[in-house]
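Work through the exercises below on charged side-chain pairs. Try each task before reading its solution.

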Amino acid sequence: MQERHWGHERSAARLTYESVTRGVRVRVKPAFLDDQSDPDTGRYLWSYTVTIENRGSETVQLMSRYWHITDAIGRIQEVSGPGVVGAQPVIEPGQVFEYTSGCPLPTASGAMTGRYQMRAASG
């Protein structure tokens with residue numbers, strides 16, 4: 001699947017980012033974890049909940065992910081690897097896969113972009 005630029009919408013509590021590619025909708029909701037952050041030591045922890053919904057007509061499998069993380073002063077981290085949270089889920093049409101992960105930053109804010117590589121059942 002191709003990478004798409006993320007659109008965003010405002011929700012009551014926080015931003016939600018969403019992209020749809022070839023019938024697969026990905027929604028991401030970030031959250032600052034104040035109780036797990038320690039500004040005195042330069043540790044700011046964020047979580048993000050990802051919801052992947054297969055709105056297409058073909059089964060897909062999430063094969064890998066890539067994240068490009070930039071902190072508030074421009075330092076970059078790249079994270080890539082197979083699957084997500086130890087899984088390479090198979091998502092049938094109409095099914096949803098959801099997971100939550102975290103991202104520590106040395107600054108109070110930053111930006112994260114990325115992509116998933118999916119494989120359709122037809123190849």
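**Salt bridges in a predicted model**

In this predicted model, the count of salt bridges comes to four. The cut-off is a side-chain nitrogen of Lys or Arg within 4 Å of a carboxyl oxygen of Asp or Glu.

**Exercise 1.** Find the partner of glutamate 18 and state whether each of the two residues is buried or exposed.

Solution.
- Step 1: The partner is arginine 27, with the closest N and O atoms 3.1 Å apart.
- Step 2: Buried means under 20% relative accessible area.
- Step 3: Arginine 27, at 18%, is therefore buried.
- Step 4: Glutamate 18 has a relative accessible area of 24% and is partly exposed.

**Exercise 2.** Which elements hold arginine 25 and glutamate 53, and how many residues apart in sequence are the parts that they tie together?

Solution.
- Step 1: The side chains of arginine 25 and glutamate 53 form a salt bridge, at 3.4 Å from N to O.
- Step 2: Arginine 25 belongs to strand β3 (residues 24–32), and glutamate 53 to strand β4 (residues 44–54).
- Step 3: The pair therefore ties together parts that are 28 residues apart in sequence.
- Step 4: Arginine 25 has a relative accessible area of 14%, so this residue is buried.

**Exercise 3.** Describe the pair of aspartate 71 and arginine 75, then name the residues joined into one network.

Solution.
- Step 1: Aspartate 71 and arginine 75 form a salt bridge, their closest N and O atoms being 2.6 Å apart.
- Step 2: Aspartate 71 is buried at 6% relative accessible area, whereas arginine 75 is partly exposed at 44%.
- Step 3: Arg25, Glu53 and Arg55 are joined into one network by salt bridges that share partners.

Technical notes:
Residues are numbered from 1 along each chain as its sequence is written. This is a predicted model: local features need pLDDT of at least 70, side-chain atom pairs count only at pLDDT 80 or more; totals for chains, interfaces and linings use all residues. Side-chain values use heavy atoms; hydrogens and water are left out. Buried means under 20% relative accessible area, exposed over 50%, partly exposed in between (1.4 Å probe, protein chains only). Helices (H or I, at least four residues) and strands (E, at least two) are DSSP runs, numbered from the N terminus.
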